[in-house]
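Morning, everyone. Please bring up the structure on your screens, and we'll walk through it together.

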Amino acid sequence: MDKNLIEIRNVSKEFSGDVVLKGISFNVKEGEFITLLGPSGCGKTTTLRIIAGLEKTSGGEVLYKNENLLKIPTNKREINTVFQNYALFPHLSVFENVAYGLRIKKKKREEIEREVKKFLKLVDLKGFEDKEIDQLSGGQKQRVALARALINKPKILLLDEPMAALDVKLRESMRMELKALQEEIGITFILVTHDQEEALTMSDRIVVMNQGIVQQVGTPEEIYNEPENLWVAKFIGNSNVINDAIFVNDNLVKIDNKEFKCVDIGFGENEHQIDIIIRPEDIDIVEKNIGYFEGVVESVVFKGVHWEIIVCVGDREWVIHTTDFVELDSKVGIKWNEEDIHVMWKEIED
């Protein structure tokens, strides 16, 4: 997975004077499952449509195997797309939907029969050949769309929020199935989603986007544990943000007049232009006499897999996620490990 298959170089896009992509750059490696993640309107679907050939760029380059992809006609690109609405043909059976691409290519009847059965088996729809599209569930329709795209053996499969229409339980199972399918067939997947959990659980790497700008590119672990700026830290998961801390020196910070060891270096001495984040799940609630700070439990909310506890320490509220119940209004201590402190530069206002 070391070889770049797609290279996005300083790509911009305008619609009627509205700039939706502001010179974005990232690479997609061969055999990679990469996700474009961000809120609505961030430019992720526009980026996908440019790769697919459904939109033109206003500037920049898109390379495919070191050649200009933008000069290759859409129907000649080794790329297929699965859209959010699946775009299946309602008047055709499951078999004919999947066979459509091969019939366009005028493949022999025996080859079509063999390949359709092979790919329906691959997506666990063996025996569904004669079913009509309106007889299928949402998850089954998604699998038909995948089989129809994969049967053409593209080098890259683009997925535009393909699970948005599924219910929560089905979406969870389809995530695992889709990731397993990608690993089995070994082609490059590029997924567009606004769902953080979807991106974190399925991706080899994530491209985090906001307002037409790439905010960060990295593995799910890097994106979550080492966000490069405050926007990423707030968008991916929950964070306690300390915006009035001081970076005293390498491996040492000051929070509310107390010094704490950390693993960060390179921010100078007595630097105020930093933010610190500590994830809620990284804070432990302990007895009040052994914590770094002592406070009062202000809120206790059950979230299903954990309790969300808010501990008030002076004017600061600490959000904590724990599997242990804590009584409201009780006095407690809080503490964390030094590697749980993450320091980053303050964002400069434009």
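Let me start with a question: is N257 buried or exposed? It is exposed, because its relative accessibility is 74% and the cut-off for exposed is over 50%. Keep in mind that this is a predicted model.

Where does N257 sit? It lies in the loop between strand 13 and strand 14, which spans residues 258-261. Its backbone deserves a look too. Phi of N257 is near 70 degrees, a positive value in a residue other than glycine. Why mention that? Most residues other than glycine have a negative phi.

N251 is another case. Its phi is also near 70 degrees, again positive, again not a glycine. N251 is in the loop between strand 12 (246-249) and strand 13 (252-255). On exposure, N251 counts as partly exposed, because its relative accessibility is 34%.

Now the overall picture. The chain has 350 residues, and 46% of them are buried. Its secondary structure comes to 8 helices and 21 strands. Along the principal axes, the C-alpha atoms fill a box of roughly 80 × 45 × 35 Å. The accessible surface is about 18000 Å², and carbon and sulfur atoms account for 46% of that.

Contacts next. Take those in the chain with a separation of 6 or more. Of these, 65% are between residues 24 or more positions apart.

And the charges. There are 45 positive and 61 negative ones in the chain, and their mean positions are 11 Å apart.

On to the inside. Which residues touch the most other members of the largest nonpolar core? They are V116, V144, L146, L157 and L159, in a core of 35 residues. Several elements each supply at least two residues of this core: helix 2 (94-104), helix 3 (109-122), helix 4 (138-150), strand 7 (156-160), helix 5 (168-185) and strand 8 (188-193). Helix 4 gives the largest share, 6 residues.

Let's zoom in on V144. Leaving aside neighbours within four places in sequence, V144 is in contact with L88, V94, N97, V98, L125, I133 and L136. There is also a second, separate core, with 26 residues, including I34, I50, I156 and I190.

Two helices now. Helix 2 has buried residues V94, F95, N97, V98, A99, G101 and L102. What do the buried residues of helix 2 pack against? Helix 3 and helix 4. Just after helix 2, K106 takes a positive phi of about 60 degrees.

Helix 1 covers residues 44-52, and 7 of its 9 residues are buried. Those are K44, T46, T47, L48, I50, I51 and A52. Just after helix 1 comes G53, with a positive phi of about 95 degrees.

Next, three single residues. The first stop is Q215, in strand 10 (residues 213-218). Q215 is buried, because its relative accessible area is 18% and the cut-off is under 20%. Beyond residues up to four places away in sequence, Q215 touches V208, M209, N210, E228, N229, W231 and V232. How far apart are the C-alpha atoms of Q215 and L37? They are separated by 10 Å, with the two residues 178 apart along the chain.

Then D264. This one is found in the loop between strand 14 and strand 15 (274-278). D264 is buried, with a relative accessible area of 11%. Not counting neighbours within four places in sequence, D264 is in contact with F247, D250, N251, I341, H342 and V343. So N251 is back, as one of the contacts of D264. V343 also meets D264 through its backbone: the backbone nitrogen of V343 lies 3.3 Å from a polar atom of the D264 side chain. Now take D264 and L122, 142 residues apart along the chain. Their C-alpha atoms are separated by 47 Å.

The last stop is H321, in strand 19 (residues 316-322). Is H321 buried or exposed? It counts as buried, because its relative accessibility is 12%. Setting aside residues up to four places away in sequence, H321 touches N238, P280, E281, H306, W307 and E308. With E308 there is a polar contact as well: the two side chains are joined at 2.9 Å.

That's the tour. Over to you for questions.

Notes
Residues numbered from 1 in each chain as written. Heavy atoms only, no water. Helix = DSSP H or I, 4+ residues; strand = E, 2+ residues; numbered from the N terminus. Buried < 20%, exposed > 50% of the residue type's maximum accessible area, 1.4 Å probe, protein only. Polar contact = N/O pair within 3.5 Å; in protein donor to acceptor, adjacent residues only side chain to side chain. Contact = heavy atoms within 4.5 Å. Areas by Shrake-Rupley, 256 points an atom, 1.4 Å probe, with all protein chains shown as cover. Lys, Arg positive; Asp, Glu negative; His and termini not counted. Charge placed at Lys NZ, Arg CZ, Asp CG, Glu CD. Core = buried A, V, L, I, M, F, W, Y, C linked by side-chain atoms within 4.5 Å.
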